[in-house]
Amino acid sequence: VLCQDKKTTSVIIIGLSHRETRFMNTDSLFSILQKIKPDVILDEMQSPSRQYTKEKELRKLPITAGIRTKLGIGKKPSPEKLVLYKYKKFYPVIIIRPFDIYVEDRRKYFLRYEAWEKNFYSILNNPKHSNTFSPFQKKLFYEYLRLNNYMYDLTQKSYLDMNQSHVSDSLRQMLAITDPFFTSVLDSLEIAAPLKPYYEKNKFFWGERNEKMTSNILEYVEQYPGTRIVVLTGLLHKHCLIDLLNQSPKKDLYKILEFYDPQLEKR
């Protein structure tokens, strides 16, 4: 039964790495959800898709995915995907919905981004090119490397470590230097120039995507007032969503809490 009343809706955003580790897996995420006791879980996925119908209903877990998971072979779904099915098994009344922007060929889009990223980082990591950086570029490069390594180390820790407020602050710092640094490299290195059009297009899409995600979250807030809504999303999105939600004219309808916030125990 939904806990709908005149109380403010609680929005709990959990930043994820999309990869299973010793401390971040289906079981540990399930344990967090059990403590939160959400009414609604929002998943970083689109509708329609292999996971969701056009009515935004979660499809059954494909048999092959279940077999791969049990046998530990091949590429299995990420922890945040598997936890949806596990949680629904124990709590059948849970409402699970997708909240990401729609991409015509989602898999192709992400494969293309990974290819671009691989090409760009191969340039950054090549001393032949990085040794030509100006003092300004070197300063940004070293700061970017520091923050990037810090983020990587976080992915080897726990959901609790990853979702501390100082992590979002570090991501904001990283975002602030990433665009001027990347743009400078794309403009100054001839070998990187062909990569700039895609970077500009993807930068615009990143902003558009976060805005759409926020818009979708707000729709669910209005649809399920007075409930606890858990948002499962990649860590890089978390601070963007928090900032956009805090800027929304509808911010009086909800409060943003962390999953470890003592206020959640008062239910």
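Here is a short walk through the salt bridges of this structure, which is a predicted model.

Let's begin with the general idea: side chains that carry opposite charges can pair when their charged atoms come close. Across the whole structure, a search turns up 14 salt bridges, and a few of them make good stops on our tour.

Start at Asp27, which forms a salt bridge with Lys86, with 2.7 Å between the closest N and O atoms. This pair links distant parts of the chain: Asp27 sits in helix H1 (residues 26-36) and Lys86 in helix H3 (residues 79-90), 59 residues apart. Lys86 is partly exposed, at a relative accessible area of 25%.

Helix H3 has another partner to show us. Asp43 forms a salt bridge with Lys81, and here the closest N and O atoms are 2.6 Å apart. Because Asp43 belongs to strand E2 (residues 40-43) and Lys81 to helix H3, the pair ties together parts that are 38 residues apart in sequence. Are these two residues, Asp43 and Lys81, buried or exposed? Both Asp43 and Lys81 are buried.

Now move further along the chain, to the salt bridge where the side chains of Lys203 and Asp179 meet, at 3.1 Å from N to O. Lys203 lies in helix H9 (residues 196-223) and Asp179 in helix H8 (residues 165-188), so this pair ties together parts that are 24 residues apart in sequence. Lys203 counts as partly exposed, at 35% relative accessibility, and Asp179 also counts as partly exposed, at 27%.

Our last stop is a network: Glu44, Asp100, Arg106 and Arg209 are joined into one by salt bridges that share partners.

How values were computed. Residues numbered from 1 in each chain as written. Predicted model: local features only at pLDDT ≥ 70, side-chain atom pairs only at ≥ 80, totals over all residues. Heavy atoms only, no water. Salt bridge = Lys/Arg side-chain N within 4 Å of Asp/Glu carboxyl O. Helix = DSSP H or I, 4+ residues; strand = E, 2+ residues; numbered from the N terminus. Buried < 20%, exposed > 50% of the residue type's maximum accessible area, 1.4 Å probe, protein only.
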